[in-house]
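Visitor: I have a model open and would like to understand it. Could you walk me through it, one question at a time?

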Amino acid sequence: MNKSQKIFISGHKGMVGSAIHRELQNQGFSNILIRDRKDLDLMEKSSVFQFFKENKPTFVINAAARVGGIHANNTFPAEFIYQNLQIQNNIIHAAHTYGVEKLLFLGSSCIYPRECPQPMQETHLMTGHLEPTNDAYAIAKIAGIIMCQSYYRQYGDNFLSIMPCNLYGPNDNFDLASSHVLPALIRKFHEAKMNQQASVTLWGTGIARREFLHVDDMANAAVFVMNHIHAKDIYSQNITHLNVGAGKDISIKALAEMISDIIGYKGQIVYNTEQPDGMLVKCLDVSRLYQLGWHYRISLSEGIRQTYNWYKQNKDNK
Ligand SMILES: NC(=O)c1ccc[n+]([C@@H]2O[C@H](COP(=O)([O-])OP(=O)(O)OC[C@H]3O[C@@H](n4cnc5c(N)ncnc54)[C@H](OP(=O)(O)O)[C@@H]3O)[C@@H](O)[C@H]2O)c1
């Protein structure tokens, strides 16, 4: 990407979109196109097509989506599948119609089967049943991946997808009803410390293992892929997307202990084993991206410290 070419980031106020925005600005990209939802509802096909017609972005990074943790996915599956399909259909087809040179679609590691061999390789996509708690969201993301591949196959469009692991960092969602595990733990332990609670109760048994990547690393990977990887490099290897992650996981129990230590909470951690764990292990095989020359930089403990500081400074505005 040339530093003066026009890049549209959808979802620029979200955790991922805002990190990509920061990364592009830090790298000196000067022609970044963004729109607030009130000015451009990505669910509205005619508005999205009018926007592309008027603004003609050269590059598109789609970080807009309906996103949430297990509880939100399980409670609102219709909204998750409808909104995600609608947003990505509008953006991908408008990008094709108005001649976008390259488009990056973001999925998530929940696209892989529930019983997927670990670590999960790109070739494991669609080799088994999905985790039922987030299958609606996963199906929408799989549709987006195959849509990018199909536009390459039929039209030669340079549209490709990356699948990040669990992300965390500034602008994360700390609302306990819809947040992912890591920001939820930060908030719970912070509030327990402030309220001098004797114990904190967590969902599940704590044995489930998850992989986490700081969102600034993910944004750096997204720009790396935009700069160095062509759709044909991916599809010619008989894969549909590239994994992005740290390539190592941690149990929820160990994560909870790390976060409570960083926050300085001294009480007890209790597990509500009647609540679901979700998939027991979830770790991406990131060797393809690493062989292409990218590597993460921010360690988990350093990233949690930084995110906790961000949370303390911003929680009253969230
Ligand atoms: N968070 C993770 O751990 C994670 C992991 C892997 C992959 N990803 C992927 O990264 C992408 C972004 O996730 P995120 O965590 O950054 O989510 P997020 O913080 O909820 O941000 C989503 C963004 O999309 C925007 N948006 C949603 N519906 C819209 C609509 N109809 N019109 C316009 N804008 C709309 C939101 O706008 P408002 O600000 O107005 O709400 C928000 O800015 C998703 O594709 C997700 O699958 C995330």
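Visitor: Which residues come nearest to the ligand?
Guide: Keep in mind that this is a predicted model. The ligand has 25 residues around it. Those that come nearest are Val-16, Asp-41, Tyr-137, Lys-141 and Leu-167.

Visitor: How far is a backbone N or O atom of Val-16 from an oxygen atom of the ligand?
Guide: A polar contact needs a pair of N or O atoms within 3.5 Å. Gly-14 has a backbone N or O atom 3.1 Å from a ligand oxygen. For a backbone N or O atom of Leu-167, the distance to a ligand oxygen is 2.9 Å. For Val-16, the distance is 2.7 Å.

Visitor: How much of the ligand's accessible area does the protein cover?
Guide: Start with the ligand on its own, which has 890 Å² of accessible area. Of this, the protein covers 84%.

Visitor: Which elements each supply at least two residues of the shell around the ligand?
Guide: Look at two helices and one strand. The helices span 15-26 and 135-155, and the strand spans 166-168. They are α1, α5 and β6.

Visitor: How many residues of the shell are nonpolar?
Guide: Sort the shell by class. It has 4 charged residues and 6 polar ones. The nonpolar residues number 15.

Visitor: How are α6 and α11 oriented to each other?
Guide: Helix α6 covers residues 181-194, and helix α11 covers residues 300-314. Their axes come within 11 Å and cross at roughly 60°. The crossing is right-handed. An angle from 35 to under 65 degrees counts as oblique, so α6 and α11 are oblique.

Visitor: What is the handedness of the crossing of α9 and α11?
Guide: Helix α9 runs over residues 252-263. Its axis comes within 10 Å of that of α11, and the two cross at roughly 50°. α9 and α11 are therefore oblique to each other. The crossing is right-handed.

Visitor: Which peptide bond is cis, with omega near -10°?
Guide: Most peptide bonds are trans. Go to the loop between β4 (102-106) and α5, where Pro-119 lies. The cis bond runs from Gln-118 to Pro-119.

Visitor: What is the phi of Asn-171?
Guide: Most residues other than glycine have a negative phi. Asn-171 sits in the loop between β6 and α6. It is not a glycine, yet its phi is positive, at about 70°.

Terms used: Residues numbered from 1 in each chain as written. Predicted model: local features only at pLDDT ≥ 70, side-chain atom pairs only at ≥ 80, totals over all residues. Heavy atoms only, no water. Near = heavy atom within 4 Å. Polar contact = N/O pair within 3.5 Å; in protein donor to acceptor, adjacent residues only side chain to side chain. Areas by Shrake-Rupley, 256 points an atom, 1.4 Å probe, with all protein chains shown as cover. Helix = DSSP H or I, 4+ residues; strand = E, 2+ residues; numbered from the N terminus. Nonpolar A, V, L, I, M, F, W, Y, C, P; charged D, E, K, R; others polar. Axes fitted to C-alpha atoms, helices over the stretch in contact; angles between N-to-C directions. Parallel < 35°, antiparallel > 145°, perpendicular 65-115°, else oblique. Left-handed = near helix turned anticlockwise from the far one by under 90°.
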